[in-house]
Amino acid sequence: MELLESQDPEKIRLIETSDRHKKALEKEMKSMSDKTERVVKNALIIGGVLAATYFVVSQLSSSKKKKNRAKAKALLTNPTDEIEEEDETPSVYSQISAKVADTATIVLIDLAKDALAEFLKNRKQQNGDT
């Protein structure tokens, strides 16, 4: 069988052309899968940063909400009783934790911004290629 194929120059040319096209398609598929992998990684990074930011902010602000809820509940259960308003001056610990939370939020938002910018840049390049 190979003898017949090797003797027919048309078949040889068609087989070589087929091999070239196959290699080109494999190369293009690998390129597309690499780009898709990069996009998915960027999306996961952005989602993780946003989730972490939400978690940190919700954990730091939950104690204040609990205090306010307790005061509101006390007012609803005993409206005739007077609840003393305490002059709460923020402690050093709460000031430091607020600064750390603000700084962490800024850093995480900056990371998310950079990842989003990179994602949009890659997407624009992909749209320009097609």
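**View 1. Asp110, partly exposed in this predicted model, and its salt-bridge network**. Asp110 has a relative accessible area of 37%, so Asp110 counts as partly exposed. The side chain of Asp110 meets that of Lys113 in a salt bridge, at 3.5 Å from N to O. Look along helix α3 and you will find these two residues three places apart, which means about one helical turn separates them. Lys113 also forms a salt bridge with Asp114, where the closest N and O atoms are 3.8 Å apart. Asp114 is partly exposed too, at 41% relative accessibility. Through shared partners, the salt bridges join Asp110, Lys113 and Asp114 into one network.

**View 2. A salt bridge within helix α2, between Glu10 and Arg13**. Here the two side chains meet at 2.6 Å, N to O. Glu10 and Arg13 sit three residues apart in helix α2, about one turn of the helix. Both partners count as partly exposed: Glu10 at 41% relative accessibility and Arg13 at 44%. For the wider setting, a search of the whole structure turns up five salt bridges.

**View 3. Asn42, a buried residue of helix α2**. Helix α2 spans residues 9–77 and includes Asn42. With a relative accessibility of 13%, under the 20% cut-off, Asn42 counts as buried. Leaving aside residues up to four places away in sequence, Asn42 touches Glu118, Phe119 and Asn122.

**View 4. A nonpolar surface patch made by Val92, Ile96 and Val100**. Together these three residues make a patch of about 290 Å². Val100 belongs to helix α3, which covers residues 92–129. Its relative accessible area of 52% is over the 50% cut-off, so Val100 is exposed.

Notes: Residues numbered from 1 in each chain as written. Predicted model: local features only at pLDDT ≥ 70, side-chain atom pairs only at ≥ 80, totals over all residues. Heavy atoms only, no water. Patch = residues over 30% accessible without salt bridge, like charges linked within 9 Å, V, L, I, M, F, W, Y side chains within 5 Å. Areas by Shrake-Rupley, 256 points an atom, 1.4 Å probe, with all protein chains shown as cover. Salt bridge = Lys/Arg side-chain N within 4 Å of Asp/Glu carboxyl O. Helix = DSSP H or I, 4+ residues; strand = E, 2+ residues; numbered from the N terminus. Buried < 20%, exposed > 50% of the residue type's maximum accessible area, 1.4 Å probe, protein only. Contact = heavy atoms within 4.5 Å.
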